[in-house]
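Q: I would like to learn how to read a protein model feature by feature. Could we take each general idea and then look at the case at hand?

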Amino acid sequence: RPPRSTLFPYTTLFRSLFLLTAVGGTLLGCTPPVEAPAELGELTLYLYENFDGDGEDGEEALVAGAQGLVDYMEGLNMTADTPVDDRAVTLPILPFARLGSAVAPSDADEALQVPVGVAGYVAEGMDVQVPTLLDANQVCIASNTTVYHAQTFPNGDADAFASRDQERLVSQHEFLIDSFAGDAWLDLERHMVWVTLEDGRELVLAKGWMEERAPAFDKDDVSWDQRFELVAWVPAADSGALRYYGMWSSVTGLGADLYASSVTSGLDEHYLNTSAFAAGEDCKNDRDREYDRGGE
């Protein structure tokens, strides 16, 4: 078997540089996050493109990439109280030539992407994170603008994935966003995989995408035009977990800086809501909302 260096030439560089890199900056008003370190930017693109682990050395390359992402997050020295300004970055554009198995909407323009990545630390460990990410109803777990969110599993058993009897899982998401920009139904496909790090920790990586543009049904000039995701759930050194959510998306009808700030807040809100849901706290959204697509 070829040495690790031939499988993933970035690994050593990522480890040494990520542990020395701190993400800083301030999100004030409509200011987008600071630019991501070049190493993190390339790593996220690499993981998205090679997520399927294809080829003779695909799985080992995926492990090496996942280790680089973990090294980056551990280098931030995050706690549950670390401001999101210090954990958020502007990622590089995700070229459509590097989507791997993902599919872009036919009329999407990669140059219009607003790419944001947010890392985080949460007190709840993987025994809470995994069942929550697999919950069939993601309302009160996702951001507050998500008022309906059904998740189904067309190719496998979520329980089998949770117990690691199944290494990969596909989920389909149908959700309603109710935001100041407009209201729209989105359809997203997500692929998840278990990855075992060199130190034995088991993490979950996910890759998601939206194949069709989603026009707002309450505003003629607003639409969600593309959305790609790279998500990670990682056991922390203590009993908690590290989270990462990278999103490359664009919306017609909303300025890029305002949208970037909104995405940053929404991704961090997702982490907070997961913790609140696990603690049984009240949620302002109705998890029992009836499905009413087409009757908006």
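**Reading the model step by step**

A: Let us start with the covalent cross-links: the structure, which is a predicted model, holds 1 disulfide.

Q: Which residues form the disulfide, and how far apart are their sulfur atoms?

A: In general, a disulfide is a covalent bond between the sulfur atoms of two cysteines. Here the partners are Cys140 and Cys283, with their sulfur atoms 2.1 Å apart. The angle about the S-S bond is -90°, and the link of Cys140 and Cys283 is left-handed. Cys140 sits in the loop between helix 5 (126–133) and strand 4 (146–152), while Cys283 belongs to the segment after helix 7, so the pair ties together parts that are 143 residues apart in sequence.

Q: Is each of the two cysteines buried, partly exposed or exposed?

A: The two have to be read separately. Cys140 counts as buried because its relative accessibility is 9%, a value under the 20% cut-off. Cys283, at 33% relative accessibility, counts as partly exposed, because that value falls between the cut-offs of 20% and 50%.

Q: What is the backbone phi of Cys140, and which other residue, in the loop between helix 6 and strand 5, has a positive phi?

A: Phi of Cys140 is near 75°, which is a positive value in a residue other than glycine. Arg164 also has a positive phi without being a glycine, its value being near 70°. Arg164 is placed in the loop between helix 6 (158–162) and strand 5 (168–178), and with a relative accessible area of 19% it is buried.

Q: How should I check the length of a helix, taking helix 7 as the case, and what follows that helix?

A: The check compares an expected span with the distance between the end C-alpha atoms. Helix 7 (residues 256–278) has 23 residues, which at 1.5 Å a residue should span 33 Å, and its end C-alpha atoms are indeed 33 Å apart, so the two values agree. After helix 7 comes Gly280, whose phi is positive, near 75°.

Q: Where does Thr274 lie, and what does Thr274 contact?

A: Thr274 is part of helix 7, and its relative accessible area of 3% means that it is buried. Once its neighbours within four places in sequence are set aside, Thr274 is in contact with Gln129, Thr132, Ile141 and Arg243.

Q: How is the packing of two helices described, and what are the values for helix 3 and helix 4?

A: Two packed helices are described by the angle between their axes and the distance between the axes. For helix 3 (residues 38–49) and helix 4 (residues 58–75), the axes come within 10 Å and cross at roughly 145°. The crossing in which helix 3 passes helix 4 is left-handed.

Q: Which residues of helix 3 and helix 4 meet?

A: From helix 3, the residues are Leu40, Leu43, Tyr46 and Leu47, and they meet Ala61, Leu62, Gly65, Ala66, Gly68, Leu69 and Tyr72 of helix 4. Sorted by class, this contact of helix 3 with helix 4 comprises 9 nonpolar and 2 polar residues, with no charged residues. As background for reading such a list, an α-helix has 3.6 residues a turn, so residues three or four places apart point the same way.

Q: How do I read a residue in a strand, for instance Leu230 in strand 9?

A: One can combine place, accessibility and contacts. Leu230 is located in strand 9 (residues 223–235), and it counts as buried because its relative accessibility is 0%. Its C-alpha is 7.4 Å from that of Leu205, although the two are 25 residues apart in sequence. Beyond residues up to four places away in sequence, Leu230 touches Thr44, Leu47, Tyr48, Ala206, Tyr244, Tyr245, Gly246 and Trp248.

Q: Is Tyr121 buried or exposed, and what does Tyr121 touch?

A: Tyr121, in strand 3 (residues 114–122), is buried, with a relative accessible area of 18%. Its contacts, leaving out residues up to four places away in sequence, include Met78, Thr79, Ala80 and Ala236.

Q: How many helices and strands does the chain have, and what portion of the residues is buried?

A: The chain has 7 helices and 10 strands, and buried residues account for 56% of its 296 residues. Of the contacts between residues at least 6 apart in sequence, 69% join residues at least 24 apart.

Methods:
Residues numbered from 1 in each chain as written. Predicted model: local features only at pLDDT ≥ 70, side-chain atom pairs only at ≥ 80, totals over all residues. Heavy atoms only, no water. Helix = DSSP H or I, 4+ residues; strand = E, 2+ residues; numbered from the N terminus. Buried < 20%, exposed > 50% of the residue type's maximum accessible area, 1.4 Å probe, protein only. Contact = heavy atoms within 4.5 Å. Expected span 1.5 Å × (residues − 1). Axes fitted to C-alpha atoms, helices over the stretch in contact; angles between N-to-C directions. Left-handed = near helix turned anticlockwise from the far one by under 90°. Nonpolar A, V, L, I, M, F, W, Y, C, P; charged D, E, K, R; others polar. Disulfide = S-S within 2.5 Å.
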